[in-house]
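Visitor: I should like to understand the terms used to describe this structure. Would you take me through the reasoning behind them?

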Amino acid sequence: MTLSRTHILALLTLYAILLGLRILVEVVGPLGPITGQLLTLLAFYIALGQAFNIFLGMTGYVDFGYVAFMALGMYGMASGVVRAYEAGLTGYYGIVFGLIQTITLTSLLALMVGGIALRLRGAYFAIATISVNEGLRYLVEGLDIWEGSRGLIVSGPLIRLFGSEGFSLLATIISDIMVFSVALLALVISIVFLNTRIGYALKAIREDEDAARVMGVNTTMYKVLAFTTSGILGGLLGAAWSFKVASIYPPDAFNILYTIEAIILVMLGGAGTLAGPIVSGTLYGSLKYFLAGILPGFQLLVFAPILVAVIVVAPEGIVGALRVYIPATRRFIA
Amino acid sequence: MADITSILPYYIISGLLVGSIYGLATIGLTLIFGVLRVVNVGHGAYIMIGMYVTFWLFTLYSLNPFITLIPAFLVGLALGMLLFYVALKRLLRAPELSTLISTFGFGVILEELAKVLWGADYRGFVYSLGSLYLQGIPLPLVRVWPAVIALGLVIALYVLLYRTRLGVAVRAVTQDPEGAMVCGVDVERVYFLTVALGIGLTTASGALLAIYFQQGIYPYIGHLYTLRAFVIAVLGGLGSPIGAFIGGLIVGVIEQASVPLFTMLGAPNPFGLSVFLTFTLILVILLLRPQGLLGR
C-alpha cells in the first residue's frame with residue numbers, strides 16, 4: 001500500500017474533527033448525545049488501536065500481554081507524581097519524572113521480552129507474552145512494589161499538587177488531549193514506518209518470515225523495533241489515562257480486558273490499515289458507551305462473537321473489506 | 001532451615017497430587033496443538049465450564065461430584081465439536097494469527113456467558129470423604145482421589161493413542177498430515193475428534209479441580225489455568241501429551257513447595273511470588289530449551 005497525500009490528509013482531518021469536537025464540548029457543553037465522556041472513550045480506543053496496530057497489524061504477531069505496557073505506563077506516571085509530591089517538588093516535575101519513568105520502564109520491558117520471545121514464532125510468542133503479563137502482575141503483588149495489592153493512591157497527591165480545580169482539568173480535558181496526542185503520535189509513526197524500508201521489512205515478515213530472512217532482512221531487529229514502539233506508545237497511553245483513576249490496583253492495571261479490546265480494535269478495523277483503528281475505535285467506543293446504559297457489562301458478549309465472525313468471514317476487517325469490495329475508496333482510505 | 005525439611009515432604013506430596021490434575025488439564029491443549037498446530041488460547045474457559053458443571057450438579061441435585069465427571073466430559077465433547085466447526089475448520093490453512101484470535105474469542109464468549117448466566121460471584125461447595133494418613137501427614141481423600149482419577153484418564157488416553165487404530169491415525173496426522181492423507185486417513189475427522197476429545201478431557205479436569213479445591217469458582221478462574229497450562233505444555237514440549245503430564249507434576253511441586261519457602265524468606269506475599277516464579281519459568285525454558293525438557 002503506497003500512501004498518497006490524500007490518504008494522509010483524510011486521516012488527519014478525522015483526527016482534527018474529533019479533537020475539535022472534544023474542545024467544543026468542553027466549551028459549550030454536550031451536543032445532544034455527544035458528551036465529553038463519549039469523546040474521551042473514543043479517543044482512548046482509537047489510541048489503543050492505533051498503538052497496538054503498529055505491532056499486531058504490521059507484523060502479524062499477537063501480543064497477549066499488551067496491557068502490561070499500559071500498566072507500566074500508569075504506574076510509571078502515578079509513582080512519578082507521588083514521588084514528586086513526597087519530595088516537595090511541584091506537579092510539573094512529577095509529570096516529567098513520570099514520563100521518563102514510563103518510557104524507561106516500557107522500553108526495558110519491550111527490549112527484554114522482545115529480545116527473548118521475538119526469536120520465537122507465533123504460538124510460542126503468544127504463550128510467552130501472556131505469561132509475562134501475569135508474571136509482572138504477581139511480581140508487583142508479591143514484592144509489594146508500588147504499594148502492591150493495597151493500591152497506589154494517585155488522586156490525593158494530584159489534588160494537593162494542582163489544587164482541586166487544576167486536578168479536575170487534568171483528569172478531564174488535559175488527559176484527553178494527551179490521549180489524542182498519543183493516538184496522533186502512533187498515526188504519524190505508522191505513516192513514517194509505512195513510507196520507509198521499515199514498512200517493507202515488516203510487511204515481508206508478516207507475509208513470509210522465512211523468505212524475508214533469506215532476502216537479508218534482519219527480521220528480529222525489525223520485530224523488536226515494532227514491538228518496542230508499540231509498547232512505549234501503550235505505556236504513554238497508560239500514563240495519560242492514569243490521571244483519570246483514583247488509585248491503581250494490580251488486578252485492574254494488568255486486566256487482560258484491555259488486551260482483548262486492543263485485539264478487537266485492530267482486527268475489526270483491519271490489521272495493518274491506518275484508518276482501521278479510527279473506524280473500529282469509534283464503533284467500539286460508542287457501542288460500549290451506549291450499551292453501558294442499557295446492558296452494563298455486556299459489551300464483550302456482543303464483541304467476542306463479532307471478533308470470531310470477523311476472523312472467520314472477513315479477516316481483512318472493515319477498512320480492508322472496503323478497500324477490496326469498493327475499489328473507489330482506495331484513493332482516500334489507507 | 002530445619003523447619004523446611006520436616007514440612008517439605010507434605011508439600012511435595014500435595015504438589016504431586018495437584019500436579020497430576022494440572023497434567024490432565026494441560027493434555028487437551030498439547031494434544032490439539034500437536035495434531036492441528038493450533039494453540040487454544042481460550043483453554044482455561046473450558047476448565048471453568050467443567051468446574052461449574054460439578055458445582056451445579058452437586059449443589060442443585062446432590063449428585064456425587066465424582067459422577068459429575070461424566071457430564072463434564074460430555075459437555076466438553078460438545079463444546080469441542082462446536083469450537084471445531086465454528087472457529088477452527090475454516091481457518092486451518094489461514095495464518096496462525098487467525099486461530100490464535102478465534103480460539104481466544106471463543107473462550108471470551110464462554111466466560112461472558114458464564115458471567116451472564118451465573119453471575120460474577122465466587123462460588124464453592126463442601127464435600128468431604130475423610131483423610132488418609134501417610135506417616136502422620138493427613139491427606140484429604142477429596143484430594144487423593146481426583147489425582148488418582150486424573151492419572152487413570154492419562155493412562156486411558158495413552159492406551160487410546162498407542163493401542164487403537166484411531167490412535168495410530170492421530171499420531172500419523174501429528175507427524176505428517178499430508179502423508180497420513182495419502183495413506184487413507186480422514187484427516188479432517190481426526191482433527192474433529194482430537195478437538196472434541198481434547199476439550200472433553202479439559203472440562204473433565206475442571207470437574208476434578210472443583211473437587212480438589214471446592215472454593216473460589218468464578219467465570220474468570222480459567223485465566224490462571226490457561227497460563228499454568230502454557231507453562232506446563234512448554235515445559236513438557238508443546239504437542240507431547242506424556243510430557244504435559246510430567247510437566248504438570250513438576251509445576252505442581254514447584255508451586256506447592258515455593259510457598260513455604262518464600263514465607264520463610266519473609267516475602268510480603270508468598271503466593272504472588274510463587275505464581276511469578278512459575279511464569280518466569282516459561283521465559284527461561286523458551287530461551288534455553290524451546291523444545292521442552294523432554295523434547296529432542
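**Strands, helices and confidence**

Guide: Let us begin with one bridge of this predicted model: B:Ser131 has B:Pro140 in β2(B) as its bridge partner.

Visitor: What makes β1 (residues 131-134) and β2 (residues 137-140) of chain B a pair of strands?

Guide: Pairing requires at least two bridges. Strands β1 and β2 of chain B are joined by 4 bridges and run antiparallel, so they satisfy the criterion for a pair. The two strands form a hairpin with 2 residues between them, and B:Gln135 in the turn has a positive phi of about 50°.

Visitor: Why is α1(A) called roughly antiparallel to α2(A)?

Guide: Helix α1 (residues 5-28) and helix α2 (residues 36-59) of chain A pack at an angle of about 155°, their axes being 9 Å apart. Angles over 145 degrees count as roughly antiparallel, and therefore α1(A) is described as roughly antiparallel to α2(A). The contact involves A:Leu18, A:Leu21, A:Arg22, A:Val25 and A:Glu26 of α1(A), together with A:Gly36, A:Leu39, A:Leu42 and A:Ala43 of α2(A). By class, this contact has 6 nonpolar, 1 polar and 2 charged residues. The crossing of α1(A) past α2(A) is left-handed.

Visitor: How do you know what confidence the predictor has in chain B?

Guide: On a scale from 0 to 100, chain B has a mean pLDDT of 91, with 97% of its residues reaching 70 or more. Among the elements of chain B, the lowest mean pLDDT, 83, belongs to helix α11 (residues 270-288), and the highest, 97, to helix α2 (residues 43-61). For the complex, the predictor gives an ipTM of 0.85 and a pTM of 0.88.

Key. Residues are numbered from 1 along each chain as its sequence is written. Chains are lettered from A and ligands numbered from 1 in the order in which they are written. This is a predicted model: local features need pLDDT of at least 70, side-chain atom pairs count only at pLDDT 80 or more; totals for chains, interfaces and linings use all residues. Axes are lines fitted to C-alpha atoms, for helices over the stretch in contact, and angles run from 0 to 180 degrees between N-to-C directions. Angles under 35 degrees count as roughly parallel, over 145 as roughly antiparallel, 65 to 115 as roughly perpendicular and the rest as oblique. A crossing is left-handed if the near helix is turned anticlockwise from the far one by less than a right angle, and right-handed if clockwise. Two residues are in contact if their C-beta atoms, placed from the backbone, lie within 7 Å. Ala, Val, Leu, Ile, Met, Phe, Trp, Tyr, Cys and Pro count as nonpolar, Asp, Glu, Lys and Arg as charged, and the others, Gly among them, as polar.
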